[in-house]
Each structure stands twice: as structure tokens, then as C-alpha cells.
Amino acid sequence: MSPRVLVRLVPTLLAIAAACGDVNNPVPVPVRTVSQVEITTPNRALVVGDVVLFAARGLTGAGEPVPDRAVSWSSTDAAVLSVTPAGQAVAIAPGSVVLRATIDGKQADIPITVSVVPVASIELSRATIALPEFGSELIVATARDAAGRALADRAVVWSTDNASVAEVDGTGRIVARAVGTATVRAAIGGKASAVAVTVVQATVASVEAGPTALVLGLSENRQLTAVVKDQANNVLTGRVVTWESDVPSIASVSPSGNVTANSPGYATITARVEGKSFSIAATIVNGELDAMPFNLIYHRTSVTAPGEIMILASNGSTAPVLLNAGNVSRSPSPSPDGTRIAFYSSFRELTTGAQIDDIYAVNRDGLNMRRLTTEPGFDGDPAWSPDGSSIAWRRIDPTTGRSSIWVMNSDGSNKTNLTADLEASYSVGAPKWSPDGGRIAFDATRSSSLPLVAGIWTMRRNGQDKQQHTSTTTGFDNAPTWAPDGERIAFIRSYGDDTDISILALNGGAVTRMPLTGRQWSPAWSPDGRHVAFWQQLGLTTAIYTVRADGTNRYLHTANLGWGGGYDPEWIR
């Protein structure tokens with residue numbers, strides 16, 4: 001060994017000997033190896049903006065610390081959590097990462113969750129707000145943390161519990177829609193705050209009603225509408241409209257704005273809303289009076305006379321004549337030559353108290369009254385045959401409640417039940433003869449199961465060959481009447497809340513509606529085929545009308561309200 005090398009070794013050996021305490025007897029120094037890494041500050045839940053200093057140390061396999069070893073730090077997603085070489089971590093954005101510490105090739109991982117600063121409260125720019133209809137206001141919602149600091153960039157979810165009163169959009173703008181109250185809420189990060197909204201009425205600036213002009217036939221109805229607006233031309237709803245007529249005897253108007261034509265002339269209908277008004281001119285006209293070779297016979301009712309048979313000339317001006325057949329007579333049916341009238345009377349017998357509902361016949365001059373039915377039960381709806389030999393009618397059995405169509409000789413003899421073969425569930429009525437007398441039309445409603453089935457039927461005069469021609473489950477087909485050509489039947493059909501005369505073509509079964517205003521009842525086809533008579537409600541009473549067979553030119557024959565009402569018209573020579 002060279003001297004220079006020896007010089008170099010001596011100091012080294014002396015140093016080793018000194019460290020061991022005894023140069024001649026040195027103590028061995030153990031070498032510690034890092035077997036595991038421990039992160040000593042495992043704060044695993046951070047919020048955005050937190051700055052945390054993490055620490056780590058190496059451990060031997062026995063768990064003893066290995067000091068003075070360099071630590072290398074890393075994050076699996078620096079966009080969520082960044083970390084410096086010294087272990088200082090900064091929470092940048094919400095998310096989940098793994099923080100890793102490495103010492104001498106050994107490592108330890110801990111999961112870190114970064115969340116936003118939790119919202120502790122929401123501050124609204126208004127706690128209560130009052131708006132007029134269609135008014136609006138922007139509400140600002142500010143999220144704050146537990147220390148009261150404003151939290152920026154937080155999404156606000158807006159909602160309303162009554163959108164029909166107050167709507168709110170995604171920016172917090174509240175728009176008033178109708179009078180009432182609503183609660184608008186702002187929700188941010190699981191917290192919510194509310195503003196109480198009260199919507200008050202806007203001031204009425206105008207009211208417009210329509211149609212702006214009316215031309216109505218007698219007894220016709222027309223529904224008026226009123227549009228109420230504010231100063232900004234917004235339509236206001238829920239306002240009380242008061243309707244009035246300056247001449248109710250000509251045209252009356254209901255509280256809902258439905259106009260009824262009562263008599264010919266002119267009237268002004270006015271709508272009023274909170275000091276504003278709008279007027280409509282109404283002209284009431286009757287139809288054109290057609291020449292009619294037949295008169296009308298019907299019955300009218302009053303408090304003192306529940307049934308009086310009247311004969312009314314078709315000239316439109318002559319007052320009806322009372323047929324002297326008592327004051328409890330209804331549903332008249334004249335013989336073909338017009339000399340006798342069949343009808344039914346409904347009254348309580350004075351001596352026994354028994355209820356009487358029977359068919360009678362009387363001369364046109366009121367003489368020679370004869371009772372044709374005397375059996376218990378109800379007998380009504382008489383119909384004289386075209387040859388004058390027979391009368392068909394409806395009977396209701398008082399024991400079973402079953403209704404049926406019967407026929408008898410015009411003197412009351414030879415009574416025969418024509419519908420005994422029908423199921424007991426059928427309720428039948430309103431018999432009418434075909435022009436040749438070979439068949440009888442009637443209405444029938446089956447009630448054995450729901451929905452009810454109602455239709456128009458025909459049968460031979462002896463009750464055979466029954467045929468159902470119409471059927472409806474949404475209303476009732478009733479009250480048939482034959483056209484003189486024998487090929488059509490007019491009847492009443494329900495159309496929802498309306499009832500209209502409808503025409504059945506027997507060849508093919510097509511049904512044509514006659515869409516008249518109001519509700520028509522008991523049609524009767526004129527012997528010449530040109531008109532159909534019927535009755536309809538007119539104000540507080542009823543009235544007799546005719547209409548051409550094509551549905552045009554409705555004409556009111558009882559225009560004089562002093563003549564009383566009318567029901568169940570028929571034609572008489």
C-alpha cells in the first residue's frame with residue numbers, strides 16, 4: 001500500500017473507531033431499510049380552496065421510523081388536487097383523487113375527496129312581493145357559507161307551488177298570471193329559501209263583448225262572450241261581468257250572457273265590468289210565415305189547468321181556440337178527417353182518490369166525450385190510424401211497471417198488446433202510424449244493462465216484423481213521426497246537452513241532424529210533407545214552432561205570450 005493511500009485510510013479508520021467508542025473494540029451500526037410508508041396527516045375530506053400540508057415517514061418492517069429520508073409526493077388528478085414536493089396540497093375542484101407518498105421506492109396512498117364549500121343559507125333579495133296581474137319582478141338568490149360569505153357560481157333551481165298564479169323562470173323572474181297567492185322557492189346545494197307572492201287585480205281598462213251585432217229568430221239563443229283587458233291590453237280573467245237588456249220582453253239575457261229572443265223588435269245588450277261597458281245591438285225577427293193547409297192542435301198547461309187542448313190556426317195571428325175537453329187533457333191526436341180528437345186525461349178521482357190516466361175521444365166541438373180505456377195503470381200517447389179505424393197507445397202495467405204498445409178499435413173495443421214479445425227490460429212508447437197505416441213506429445229503451453240503449457223501431461200494425469232502425473248509447477232516440485212519403489222518420493235525438501230533430505232515411509238507415517238552436521221536442525210531420533211542428537222552451541214557458549223539412553225557416557206560432565205555452569203539437573185539418 002502506498003503511503004498516500006494509507007494517509008487517506010487512517011483518518012477514516014480513526015473516525016470509525018471514534019464512532020464505535022473503542023477503536024480496538026468497535027460497535028456495529030445497524031442499517032435501517034424502509035419497508036413501508038406512513039402518511040401521518042391523513043385528512044381525506046377537503047373543500048375547494050383548502051391548503052393542507054401533508055407529512056409522511058418511512059418505517060422499517062418492525063415499524064421503527066427511518067429518519068432523514070426524502071419524500072416524493074404525487075396526485076392522480078392535479079386538476080382536482082395539486083401537491084408540492086414539500087407535501088402542500090391545494091384543493092382546486094370537486095372530485096376524487098389518490099394522494100401518494102413515495103420513500104425509497106416504497107409508497108402509501110390515501111383517497112382524497114374534494115367538494116365545494118357547503119351552502120349554509122340562501123339570501124333572497126325579497127322575502128315578500130305583491131304584483132298586479134301580468135306584472136313581473138326579478139328576484140336575486142345569493143348562496144352563503146357558514147361564515148356568511150357569498151358563494152359564487154352556484155346554480156339556482158327556481159320553482160313555484162302555483163304556476164297558475166305566479167310563474168318563475170330560470171333566472172328568478174316572477175310573472176303574475178292570476179289573482180291569488182303562491183310561494184316561489186330558490187334551491188341551492190340542498191338549501192332552500194322562499195318568497196311569498198301575492199297577485200292582486202289589475203285595473204280594468206276596457207271590456208269588449210261579442211258578437212257585436214245579433215239577428216235572432218224568435219226563441220233562438222246566443223251565447224255572448226266578454227273579454228276584459230288592462231291598460232297594457234292583457235286579457236284579465238275572473239272578473240264579474242254583469243249583463244243587462246234594455247228591453248227584456250224582446251231579448252232577455254242571463255247572468256252568464258246567454259241571450260234569448262222573446263218577441264220581434266230591437267234591444268240593446270250591455271256588458272259591464274268595474275265601471276267599463278260595451279253594448280251590442282240585438283234584432284229579433286220571426287221566420288217567414290208559409291201558407292199551411294192545416295192547423296195545429298196541442299195542449300197547454302197552467303197552475304189551474306194542467307191540461308187544455310188548443311187548436312191554433314196556422315195564419316200566425318189568430319188566437320188559439322180551447323177545445324172543451326176539460327182541463328186535465330193532454331197529447332191530442334185528431335182523426336184523419338179532423339172530426340174527433342183522441343187524448344189522455346190524468347187526474348185523481350174525487351170520489352175514490354184513485355189516479356186516472358186513460359184515453360178519451362171527443363168531437364172537435366167538444367161534444368160526445370167517450371172514455372176508451374178503463375183498465376188500471378197508465379194509458380197515454382194515443383195515435384189515430386190513417387184510415388180512422390184504430391188507435392195505438394202506450395200502456396204501463398201498474399203491477400210490473402212494464403210498458404207496451406197497444407192498439408184498439410176507435411170505439412175502444414178489441415184491445416191488443418203488440419209488444420208483449422219484447423224483453424221486459426224494454427221501455428216503449430210514442431207510437432205513430434205510417435202514412436199507409438201498415439206499420440207503427442215507436443221508441444224503445446233497454447235498461448237491463450248499462451249503458452242504456454235507445455232507438456227507433458217499427459212493426460206491422462199487428463205487432464209482427466219488429467225492426468230496430470236506430471241505436472244510441474250516448475243519448476235517447478224518441479218521439480218518431482212519419483214523413484208522408486213513408487220513406488223517412490223524424491225523431492228527437494240527444495247530442496250531448498242538446499236535443500235536435502233528426503231525420504232517418506229508412507232506405508239505408510242514414511240519420512241527418514237538423515241543428516236548430518235550443519232543445520226541440522215531440523216533432524210532428526205535416527200531412528203535405530213541407531213542415532215539421534215541435535215544441536220548445538221559450539223563457540219561462542213553452543211555445544209551438546214549425547220548421548221547413550229542410551231545417552230552414554223556424555217560425556214561432558205562439559208568439560203572443562198571452563196565449564200560454566204549448567206541448568205535443570199535431571196537425572189537424
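This is a short conversation about reading a few features of a predicted model.

Reader: Before we start, what kind of model is this?

Author: It is a predicted model, where local features need pLDDT of at least 70, side-chain atom pairs count only at pLDDT 80 or more, and totals for chains, interfaces and linings use all residues. Residues are numbered from 1 along each chain as its sequence is written, and side-chain values use heavy atoms, with hydrogens and water left out.

Reader: Which strands form the open sheet, and in what order?

Author: Let's begin with the terms. Strands (E, at least two residues) and helices (H or I, at least four residues) are DSSP runs, numbered from the N terminus. Two strands pair if DSSP finds at least two bridges between them. Here, an open sheet of three strands has the order E13-E18-E17, and the pairing is antiparallel. Strand E13 (136-138) and strand E17 (166-168) are the edge strands, each pairing on one side only. From one strand to the next, the twist averages 20°, using axes that are lines fitted to C-alpha atoms (for helices over the stretch in contact), with angles from 0 to 180 degrees between N-to-C directions.

Reader: How many bridges join E17 to E18, and which residues are partners?

Author: Three bridges join E17 to strand E18 (residues 173-176). Val 168 has Ile 174 as its bridge partner in E18, and Ala 166 stands opposite Ala 176. On the other side, E13 and E18 also pair over three bridges in the antiparallel sense, with Glu 137 partnered by Ile 174. The hairpin of E17 and E18 has four residues between the strands, and Gly 172 there takes a positive phi near 95°.

Reader: Which residues other than glycine have a positive phi?

Author: Two cases to look at are Glu 274, with phi near 45°, and Asp 381, with phi of about 55°. Glu 274 is in the loop between strand E29 (265-273) and strand E30 (276-285), whereas Asp 381 is in strand E38 (residues 378-384).

Reader: Are those two buried, exposed or in between, and why?

Author: The cut-offs are under 20% relative accessible area for buried, over 50% for exposed, and partly exposed in between (1.4 Å probe, protein chains only). Glu 274 counts as partly exposed because its relative accessibility is 47%. Asp 381 is also partly exposed, because its value is 24%.

Reader: Where is Ser 502, and is it buried or exposed?

Author: Ser 502 lies in strand E48 (residues 498-505). It is buried, because its relative accessible area is 0%. Contact means heavy atoms within 4.5 Å. Not counting residues up to four places away in sequence, Ser 502 touches several residues, including Ile 489, Phe 491, Tyr 495 and Val 511.

Reader: What about Tyr 266, buried or exposed?

Author: Tyr 266, found in strand E29, is exposed because its relative accessible area is 63%. With the same kind of neighbours left out, Tyr 266 touches Val 247, Ile 250, Ala 282 and Thr 283.

Reader: How many residues are in the largest nonpolar core?

Author: A nonpolar core is a set of buried Ala, Val, Leu, Ile, Met, Phe, Trp, Tyr and Cys residues joined through side-chain atoms within 4.5 Å. The largest one here has 32 residues, and Val 259, Leu 214 and Ile 269 are among those with the most contacts inside it. Leaving aside neighbours within four places in sequence, Val 259 is in contact with residues including Leu 214, Leu 224 and Ile 269.

Reader: Which peptide bond is cis?

Author: Look at the bond from Gly 210 to Pro 211, with omega near 0°. Pro 211 lies in the loop between strand E21 (206-210) and strand E22 (213-217).
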